[in-house]
Amino acid sequence: MPDSNPFDSERLQESGLIKSVEFRQTIPSTNDWAKQLIEQQANRTEGIDLRANCPKLLLTAVQTAGRGQRQRSWWSGEGSATFSLVEIMPDPILAPTTGLATALSLVETIKELAPQLEPRIKWPNDLYLNSRK
């Protein structure tokens with residue numbers, strides 16, 4: 001049975017900001033999933049061309065073995081928006097700033113569209129709404 005995607009993937013892709021979206025109901029780690037896709041691209045296994053599908057958004061409703069800073073483990077339950085974004089960077093020097101820039105963009109957008117959610121960032125890229133991660 002296919003996973004039931006609660007996110008509007010079509011609208012995300014129509015925005016022009018995301019080329020492809022994949023959803024899994026439950027996954028250990030979106031970060032590991034992203035790394036696996038990148039390794040497949042590097043090895044050119046399974047005939048995928050990741051460059052043609054980036055930026056690629058990897059979404060899950062439940063993450064069971066996430067990792068944060070210093071490899072601290074955490075999980076996310078139903079109702080969370082847990083994701084990883086895979087992008088092929090034209091200049092690798094930009095890679096370290098991408099997470100923070102993404103978090104800042106999200107906060108600015110949410111402040112404009114739904115200021116009552118009181119968005120804020122916890123270093124380096126955790127997004128909080130109304131004091132909840």
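Q: In this predicted model, how many bridges join strand S2 to S4, and do they run parallel or antiparallel?
A: The model is predicted. Strand S2 covers residues 56-67, and strand S4 covers residues 82-86. One pair across the two strands is Leu57, which stands opposite Leu85 in S4. The strands S2 and S4 are joined by five bridges, and their direction is antiparallel.

Q: Which side chains of strand S4 point to the buried face?
A: In a regular strand, side chains alternate between the two faces of the sheet. Strand S4 shows this alternation: Phe83 and Leu85 point to one face and are not buried. The residues on the other face, which are buried, are Thr82, Ser84 and Val86.

Q: In what sense do S1 and S2 pair, and over how many bridges?
A: Strand S1 covers residues 20-27, and S2 covers residues 56-67. One bridge between them has Ser20 on one side and Lys56, in S2, on the other. The sense of the pairing is parallel, and the number of bridges is seven.

Q: How many of the 12 residues of S2 are buried?
A: Strand S2 pairs with S1 over seven bridges and is joined to S4 by five. S2 is mostly covered. The number of its 12 residues that are buried is nine.

Q: Why does Ile18 count as buried?
A: Ile18 is in the loop between helix H1 (9-14) and strand S1. A residue is called buried when its relative accessible area is under 20%. Ile18 counts as buried because its relative accessibility is 12%.

Q: Which residues is Ile18 in contact with, leaving aside its neighbours within four places in sequence?
A: One partner, Leu57, is 39 residues away in sequence, but the C-alpha atoms of Ile18 and Leu57 are 6.8 Å apart in space. Another partner of Ile18 is Leu85, and Leu85 stands opposite Leu57. With sequence neighbours within four places left aside, the contacts of Ile18 are Leu12, Gln13, Pro55, Leu57 and Leu85.

Q: Is the peptide bond from Cys54 to Pro55 cis or trans?
A: Most peptide bonds are trans. Pro55 sits in the loop between helix H2 (30-43) and S2. The omega of the bond from Cys54 to Pro55 is near 0°, and the bond is cis.

Q: What is the phi of Glu118, and what is the phi of Ser131?
A: Most residues other than glycine have a negative phi. Glu118 is in the loop between helix H3 (95-113) and strand S5 (120-122), and counts as exposed at 53% relative accessibility. Ser131 is in the segment after strand S6 (126-128), and counts as exposed at 55% relative accessibility. Both residues have a positive phi: for Glu118 it is near 45°, and for Ser131 it is near 65°.

Q: How far apart in space are Glu112 and Asn53, C-alpha to C-alpha?
A: Glu112 lies in helix H3 and is exposed, with a relative accessible area of 66%. In sequence, Glu112 and Asn53 are 59 residues apart. Their C-alpha to C-alpha distance is 29 Å.

Q: Which residues does Asp126 touch, not counting residues up to four places away in sequence?
A: Asp126 is in strand S6. The C-alpha atoms of Asp126 and Lys111 are 16 Å apart, with 15 residues of separation along the chain. When residues up to four places away in sequence are not counted, Asp126 touches Arg120, Ile121 and Lys133.

Q: In what order do the elements of the protein run from the N terminus on?
A: The protein has three helices and six strands. Written with α for a helix and β for a strand, the order from the N terminus is α-β-α-β-β-β-α-β-β.

Q: What radius of gyration does the protein have, and what would a compact globule have?
A: Along its principal axes, the C-alpha trace spans about 45 × 40 × 35 Å. A compact globule with 133 residues would have a radius of gyration near 14 Å. The value for the protein agrees with this, at 15 Å.

Notes: Residues numbered from 1 in each chain as written. Predicted model: local features only at pLDDT ≥ 70, side-chain atom pairs only at ≥ 80, totals over all residues. Heavy atoms only, no water. Buried < 20%, exposed > 50% of the residue type's maximum accessible area, 1.4 Å probe, protein only. Helix = DSSP H or I, 4+ residues; strand = E, 2+ residues; numbered from the N terminus. Pairing = 2+ DSSP bridges. Rg over C-alpha atoms; globule rule 2.2 N^0.38 Å. Contact = heavy atoms within 4.5 Å.
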